[in-house]
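Hi,

Here is the structure I promised to pass on, with some notes on what turned up in it. Have a look first, and then read on below.

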Amino acid sequence: MPHLLLVEDDQHIASGLLFNLEMEGYQLTHAKDGNLARRLLFDESRRFDLILLDVMLPGMSGFDLCHALRRKQIYTPVLMLTAKDFEKDKIKGLRLGADDYLTKPFSLEELLTRIQVLLRRQTWHQQQEDLRQLSFGDVEIDFERFEVLVKGQKAHLTPLEMKLIKVFAEFEDVVLTREELLEKVWNQPDVGNSRSVDNFVMRLRKFFEVNPAHPRHFHSIRGVGYKFTREPQDLL
């Protein structure tokens, strides 16, 4: 039974969500403010499968809590719930590490669908933690042997390029911010170096994209970061 943490200060909204989600078979823990949620999430004896996180919270905002979690390298999926429908707020939440964003008011059906998608994605990532090989398009990569084939021909990547593509593969179809990539690949959370990520992604596109100017695997997400897809996609 998946265990969800609901972080919501509005008791009326919280009661409705707790009732409906428990009826759907989920285990719920409720935190009324950001500070309590932070203590629960930083407690290593507790484990949550998903966080439903309101943005406007007393004590510590949802934005600040999400940022603190990712800095602590806690990658539990976060679905942000907010009354704000401004693009800049959605982008801010995604840049800070949220996995999805739902604007109030929302239907129960939409909420359940998004929860199911995030839980399914998390299960897939856990299965891919020991990723050894990757195939997409005309590309074959063996991470253990440090071998790369493009259309049957060997390609020579640097260790950092290999590490970057492995991170993309482990988080397939997930938008990763430049800051997250810096932490995972370079172990440098300094946002001042974020353009290094752009340069490395450009190099991966030159290796693996049929047309680097119109990538179908290594996608730019405007204002946020990058996303990798094995199946070719045309994203606007």
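The domain bounds used here come from an automatic or database domain assignment. The model itself is predicted, so please read everything below in that light.

The assignment gives two parts for this protein, domain 1 (3-124) and domain 2 (133-228). Taken over C-alpha atoms, the centres of domain 1 and domain 2 are separated by 29 Å. Ten residues from domain 1 and 14 residues from domain 2 take part in the contact.

How much area do domain 1 and domain 2 bury between them? The value is about 1,100 Å², with 44% of it on carbon and sulfur atoms.

On to the individual interactions. Two salt bridges were counted between domain 1 and domain 2. A salt bridge also links arginine 95 and glutamate 179, where the closest N and O atoms lie 3.4 Å apart. For polar contacts, the count between the two domains is three residue pairs, with both residues at pLDDT 80 or more.

Which helices each supply at least two residues of the side of domain 1 that touches domain 2? They are helix 3 (62-71), helix 4 (87-95) and helix 5 (108-127). Helix 4 gives the most to that side, with four residues. By residue type, the side of domain 1 that touches domain 2 divides into five charged, four nonpolar and one polar.

Happy to talk any of this over once you have had a look.

Best wishes

How values were computed:
Residues are numbered from 1 along each chain as its sequence is written. This is a predicted model: local features need pLDDT of at least 70, side-chain atom pairs count only at pLDDT 80 or more; totals for chains, interfaces and linings use all residues. Side-chain values use heavy atoms; hydrogens and water are left out. Contact means heavy atoms within 4.5 Å. Buried area is the accessible area (1.4 Å probe) that two parts lose on being put together, summed over both. A salt bridge is a side-chain nitrogen of Lys or Arg within 4 Å of a carboxyl oxygen of Asp or Glu. A polar contact is a pair of N or O atoms within 3.5 Å; within protein, one must be able to donate a hydrogen and the other to accept it, and residues adjacent in sequence count only if both atoms are side-chain atoms. Ala, Val, Leu, Ile, Met, Phe, Trp, Tyr, Cys and Pro count as nonpolar, Asp, Glu, Lys and Arg as charged, and the others, Gly among them, as polar.
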